[in-house]
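Biologist: Thanks for sitting down with me. Could you walk me through what you have on screen?

Modeller: Happy to, so here is the chain and its fold.

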Amino acid sequence: MQWSNQIWIKPIFKALVLFSPLILLIGFYRNISFLFVLGLVILFLYGATLLQFKSAAQDLKLDSTKQIYRLFPGDSDEFYIKLLHTGRWPSFRGELFLTHRDVISESNIDEIESSKGRIELKRPFAIYRKTAYTQTIPFTARKRGITRISNLLLQIHDPLQTSGQALALQELFPAEIIVYPRPLPVHKIEHLFHQGSGEAARPFALFENVSLPAGNRDYAYGDSFHKLHWKATARTGTLQTKVFEKTVVYHWTFVYTILPDHKDMKSSEQMENEISFLAYMCQFAAEKNIPFEVYINFKVPGPLGMYHVTTGSGPQHLSKVLEGLARIDRSNVTVKPNIMWTKMDRNFAGSVPFIILLGIIPNDTNTQFITNKWIKSGGKVFLVNQTGTEAYLMPYSSKEVVPC
């Protein structure tokens, strides 16, 4: 059965039903036609009401077609609730109630915002024998998040309004609305894509792999001090600069670290900004056809024990990542950052990582050792530095780490 059934009768009608046998007997033995007919009418109405409510519980069916909506904040769409009347009762009338999270809002509908960020919605309905009734509800996405339609309830009244029935859906209504984070730009990320003095874009960023020396050359203005080749300089008598093999980065790795201690978590607004920055960078990589993966230190079922979207590219991969970002909640249980770093290091074995960090940067000894190991192996590590709603990309080595 789809519905749990609850019936209530108004006290005055309940009293009339209780006294109807007595009214019927008095009318019969005293030969008072009015009382006799009144007793019969009351019993008939009571029986018809019970029959109506029994029919409603058995004959009203809810269409269980799955509905999934994916939007960005500000986008609009509509979901529907479809009822089927499969019985013989002439009609059912009443109100339809449902609730959802405040990540969406309805248009031209009376809604009541309840506690804990939930909104209750009420709409009248009428359905006739052997027909279908569809209630279409337009909505607008307000903010990042996920919502399901819950607490679906039908309140049905008899024609005389002497009693009522509540049919509550026992199953989960098969509609889910996913609101992606609004992308916020991260400045200078385009510098990872453009190389050389020209403006020609390459599909993957090139950088020097310091673990693969290719010789030396004469010093040129602008060369970094740490690239000076002192032995070659002493041998030749002129300043020499180290030359390294160029390495192609085949994918980017985004790492978003959330504070593990919920008491010290950043404000909700700051966390939303960080998620929006990450959404922008993932979108940028997808548009440039750069494969990317994402690590976030909150627990999910699986062998890794934390959120990880493996390397991929294209619109479907981006959609999967954005959906994961939409599901992030401040109540998520987090994995300690140093544990995430250790697991990432295992996955990077034998490869040259290209990492972009976001959120807090742990400074414990183990994490620092692993990060330096990536850099020494020729990997590149960048971080997103943010001030309010502005953010820009910078090399990891040029910023002091933040204690966690």
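Biologist: Let me start with a backbone detail: in which loop is K188 found?

Modeller: Please keep in mind that this is a predicted model. Two strands flank the residue: one spans 175-179 and the other 206-218. K188 is found in the loop between β13 and β14.

Biologist: What is the phi of K188 near, in degrees?

Modeller: Most residues other than glycine have a negative phi. K188 is a residue other than glycine, yet its phi is positive. The value is near 75 degrees.

Biologist: Is K188 buried, partly exposed or exposed?

Modeller: Buried would mean under 20% relative accessible area, and exposed over 50%. K188 has a relative accessibility of 41%, so the residue counts as partly exposed.

Biologist: Where does N289 lie, and what is its phi?

Modeller: N289 lies in the loop between α4 and β17, the latter covering 292-296. The residue is not a glycine, but its phi is positive. The value is about 60 degrees.

Biologist: Now to the second largest pocket: which element gives the largest share of its lining?

Modeller: The pocket has a volume of about 530 Å³. Of the 25 residues that line the pocket, the closest to its centre are K143, R144, G145, S268 and E272. Two elements each supply at least two lining residues, namely β10 (145-148) and α4 (268-287). The largest share, five residues, comes from α4.

Biologist: How many residues of each class does the lining of that pocket have?

Modeller: Glycine counts as polar in this grouping. The lining of the second largest pocket then has seven nonpolar, seven polar and eleven charged residues.

Biologist: R144 caught my eye there; with which residue does R144 meet in a salt bridge, and at what N to O distance?

Modeller: R144 sits in the loop between β9 (132-141) and β10, and its partner is in helix α4, 128 residues apart from R144. A salt bridge needs a side-chain nitrogen within 4 Å of a carboxyl oxygen. The partner of R144 is E272, at 2.7 Å.

Biologist: Which of R144 and E272 counts as buried?

Modeller: The cut-off for buried is under 20% relative accessible area. E272 has 26% relative accessibility, so E272 counts as partly exposed. At 12%, the buried partner is R144.

Biologist: How many salt bridges does a search of the whole structure find, and which residues are joined into one network?

Modeller: The search finds six salt bridges. One of them pairs E323 with R70, with the closest N and O atoms 3.3 Å apart. That pair links helix α5 (residues 315-326) with strand β3 (residues 67-71), 253 residues apart. Salt bridges with shared partners join R70, E176, E323 and R327 into one network.

Biologist: Which of E323 and R70 is buried, and which is partly exposed?

Modeller: E323 has 18% relative accessibility, so E323 counts as buried. R70 has a relative accessible area of 44%, so the partly exposed one is R70.

Biologist: What ties helix α7 to helix α6?

Modeller: Helix α7 covers residues 365-376 and helix α6 residues 337-347; a salt-bridge pair lies across them, with partners 28 residues apart in sequence. K373 is partly exposed at 42%, whereas D345 is buried at 16%. The tie is the salt bridge of K373 and D345, at 3.1 Å from N to O.

Biologist: Turning to the surface, which residues form the nonpolar patch, and which element gives the largest share?

Modeller: The patch is formed by L18, F19, L22, I26, I32, F34 and L38, with about 690 Å² of accessible area together. Two elements give two or more residues to the patch: α1 (11-29) and α2 (33-59). The largest share, four residues, comes from α1.

Biologist: Is L18 buried or exposed?

Modeller: L18 is found in helix α1. Its relative accessible area is 64%, and the cut-off for exposed is over 50%. Therefore L18 is exposed.

Biologist: Last one: how far apart in space are L38 and S20, C-alpha to C-alpha?

Modeller: L38 has its place in helix α2 and is partly exposed, with a relative accessible area of 30%. L38 and S20 are 18 residues apart in sequence. In space, their C-alpha atoms are 7.9 Å apart.

Notes. Residues are numbered from 1 along each chain as its sequence is written. This is a predicted model: local features need pLDDT of at least 70, side-chain atom pairs count only at pLDDT 80 or more; totals for chains, interfaces and linings use all residues. Side-chain values use heavy atoms; hydrogens and water are left out. On a 1 Å grid over the protein atoms alone, a cavity is a set of points where a 1.4 Å probe fits but cannot get out, and a pocket is an open set with protein on both sides within 12 Å along at least five of seven lines; lining residues have an atom within 4 Å of a point. Grid points are joined across faces, edges and corners, and a volume is the space filled by probe spheres set on the points. Patches are made of residues with over 30% relative accessible area and no salt bridge: like charges are joined within 9 Å, nonpolar side chains (Val, Leu, Ile, Met, Phe, Trp, Tyr) within 5 Å. Accessible areas come from the Shrake-Rupley method with a 1.4 Å probe; for residues, only the protein chains shown count as cover. Buried means under 20% relative accessible area, exposed over 50%, partly exposed in between (1.4 Å probe, protein chains only).
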